[in-house]
Amino acid sequence: MKFVTYRNGKENRLAVVDGDHIVDINRAVPDVPADVRAALAGGVDLVAAGRRALDANAERQLLAAVALAPVVPEPGKTVCLGLNYYDHAAESGREKPVYPWFFLRGTTSLLAHGEASPRPRVSEKFDYEAELAVVIGKRARHVKREDALDYVFGYACFNDISVRDYQKRTPQWTIGKNFDRTGALGPVLVSADELPAGGAGLAIRSRLNGRVMQDANTKDMIWDVAETIALLTECLTLEPGDVIAMGTPAGVGQSRTPPVWMKAGDTIEVEIEGVGLLVNTIEDEQP
């Protein structure tokens with residue numbers, strides 16, 4: 001089942017996808033919260049709720065007619081992995097890390113499908129990264145690898161847009177990964193039951209102005225989803241609605257000769273087999 005979060009004025013609303021249309025779940029099933037994070041935190045079976053909403057005599061809206069928000073608009077935390085594909089580690093001049101390179105993204109860095117990402121005034125080194133995003137469905141702490149996928153609600157596309165010169169100013173990558181509206185998340189959230197376990201074996205690609213830049217498979221991740229959850233929950237509690245961005249394969253702009261940087265007017269696409277197509281444009285940051 002596929003879900004979206006859409007904007008209704010200043011409010012974000014959770015909906016289930018029905019072909020080219022959506023059904024607002026809370027309006028069809030009022031006992032379900034209108035926010036995906038609140039619904040998951042409340043233990044709601046969203047797949048069952050989605051079925052109830054589809055079966056109800058509820059208003060349908062055209063998906064193409066609504067403005068989307070990030071599928072989880074305000075995650076408690078967004079944990080990202082660096083260098084999690086063998087080929088990307090190699091193109092970055094590094095061997096396989098002995099432990100995942102974790103970093104965090106803040107909420108103001110997130111961006112919806114269809115929105116423009118502002119290339120910052122302070123840098124021209126604006127890069128793309130196609131990634132699989134994991135959305136946690138229930139509280140997880142000290143989880144064994146063999147049980148880890150039980151804590152996943154679903155998957156989405158992610159574009160970890162990076163400001164490379166700022167990323168390299170310090171040994172920690174946080175500043176180059178947290179410019180406003182640079183972490184695109186969406187357009188849909190696909191429930192885990194619709195995909196192979198752990199989102200494994202899925203084709204993942206990015207295209208810049210129609211040109212294929214990254215072309216890989218999620219089976220090539222160094223740390224898979226289950227192991228990543230197990231490692232994270234050794235240290236911290238994953239909560240419903242938290243997001244994990246699983247790293248990017250080779251082909252990023254900084255590793256090309258000459259480097260390829262995104263600029264105003266560009267269109268960047270992230271497509272993951274069975275998950276969706278995430279599209280954003282690039283604009284110059286306004287004064």
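# Close-up views of a predicted protein model

Of the 287 residues of the protein, 54% count as buried. The model is predicted, and the legends below begin with the whole chain before turning to single sites.

**Figure 1. Overall view of the predicted model.** The protein contains six helices and 18 strands. Its radius of gyration is 18 Å, close to the 19 Å that the globule rule gives for 287 residues, so the protein is as compact as a globular protein of that length. The C-alpha trace spans about 55 × 45 × 30 Å along its principal axes. Among contacts with a separation of 6 or more, 73% are between residues 24 or more positions apart. The protein exposes about 12300 Å², and 48% of this area comes from carbon and sulfur atoms. There are 32 positive and 40 negative charges, and the mean positions of the two sets are 3 Å apart.

**Figure 2. Helix 6 and the strands around it.** Helix 6 covers residues 225-233; eight of its nine residues are buried, so the helix is largely enclosed by the rest of the structure. The buried residues are Val225, Ala226, Thr228, Ile229, Ala230, Leu231, Leu232 and Thr233. They pack against strand 5 (78-82), strand 6 (101-105) and strand 10 (130-136), and also against strand 11 (152-160) and strand 16 (243-245). At the N-terminal end, Asp224 acts as the cap of helix 6, with a side-chain oxygen 3.4 Å from the backbone nitrogen of Ala226.

**Figure 3. The polar contact between the side chains of Arg164 and Asp127.** Arg164 belongs to helix 5 (residues 164-167), while Asp127 belongs to strand 9 (residues 126-127). The two side chains make a polar contact at 2.8 Å. Arg164 has a relative accessible area of 2%, under the 20% limit, and is therefore buried. Asp127 is also buried, at 0% relative accessibility.

**Figure 4. Surroundings of Asp127 and Arg164.** A polar atom of the Asp127 side chain lies 2.8 Å from the backbone nitrogen of Gly253. Not counting residues up to four places away in sequence, Asp127 touches Asp160, Ile161, Ser162, Arg164, Val252, Gly253, Gln254, Val260, Trp261 and Met262. With the same sequence neighbours left out, the residues touched by Arg164 are Lys125, Asp127, Tyr128, Glu129, Lys177, Val252, Gln254 and Trp261. Val252, Gln254 and Trp261 thus appear in both sets of contacts.

**Figure 5. Ile22 in strand 3.** Strand 3 consists of residues 21-24 and includes Ile22. The relative accessibility of Ile22 is 0%, so this residue counts as buried. Ile22 and Leu63 are 41 residues apart along the chain, yet their C-alpha atoms are separated by 5.7 Å. Leaving aside neighbours within four places in sequence, the contacts of Ile22 include Val4, Tyr6, Ala15, Val16 and Val17. Further along the chain, Ile22 is in contact with Glu59, Arg60, Gln61, Leu63 and Val66.

**Figure 6. Two cis peptide bonds that lead into proline.** Gly186 and Pro187 are joined by a cis peptide bond with omega about 0 degrees. Pro187 is part of strand 13 (residues 183-191). A cis peptide bond also runs from Thr257 to Pro258, where omega is near -5 degrees. Pro258 is placed in the loop between strand 16 and strand 17 (267-272).

**Figure 7. Positive phi at Arg181 and Asn209.** Arg181 is not a glycine, and its phi is near 55 degrees. This residue sits in the loop between helix 5 and strand 13. With a relative accessible area of 33%, Arg181 is partly exposed. Asn209, likewise not a glycine, has a positive phi of about 50 degrees. Asn209 is found in the loop that connects strand 14 (203-208) and strand 15 (211-217). The relative accessible area of Asn209 is 45%, which makes this residue partly exposed.

Conventions
Residues numbered from 1 in each chain as written. Predicted model: local features only at pLDDT ≥ 70, side-chain atom pairs only at ≥ 80, totals over all residues. Heavy atoms only, no water. Helix = DSSP H or I, 4+ residues; strand = E, 2+ residues; numbered from the N terminus. Buried < 20%, exposed > 50% of the residue type's maximum accessible area, 1.4 Å probe, protein only. Polar contact = N/O pair within 3.5 Å; in protein donor to acceptor, adjacent residues only side chain to side chain. Contact = heavy atoms within 4.5 Å. Rg over C-alpha atoms; globule rule 2.2 N^0.38 Å. Areas by Shrake-Rupley, 256 points an atom, 1.4 Å probe, with all protein chains shown as cover. Lys, Arg positive; Asp, Glu negative; His and termini not counted. Charge placed at Lys NZ, Arg CZ, Asp CG, Glu CD.
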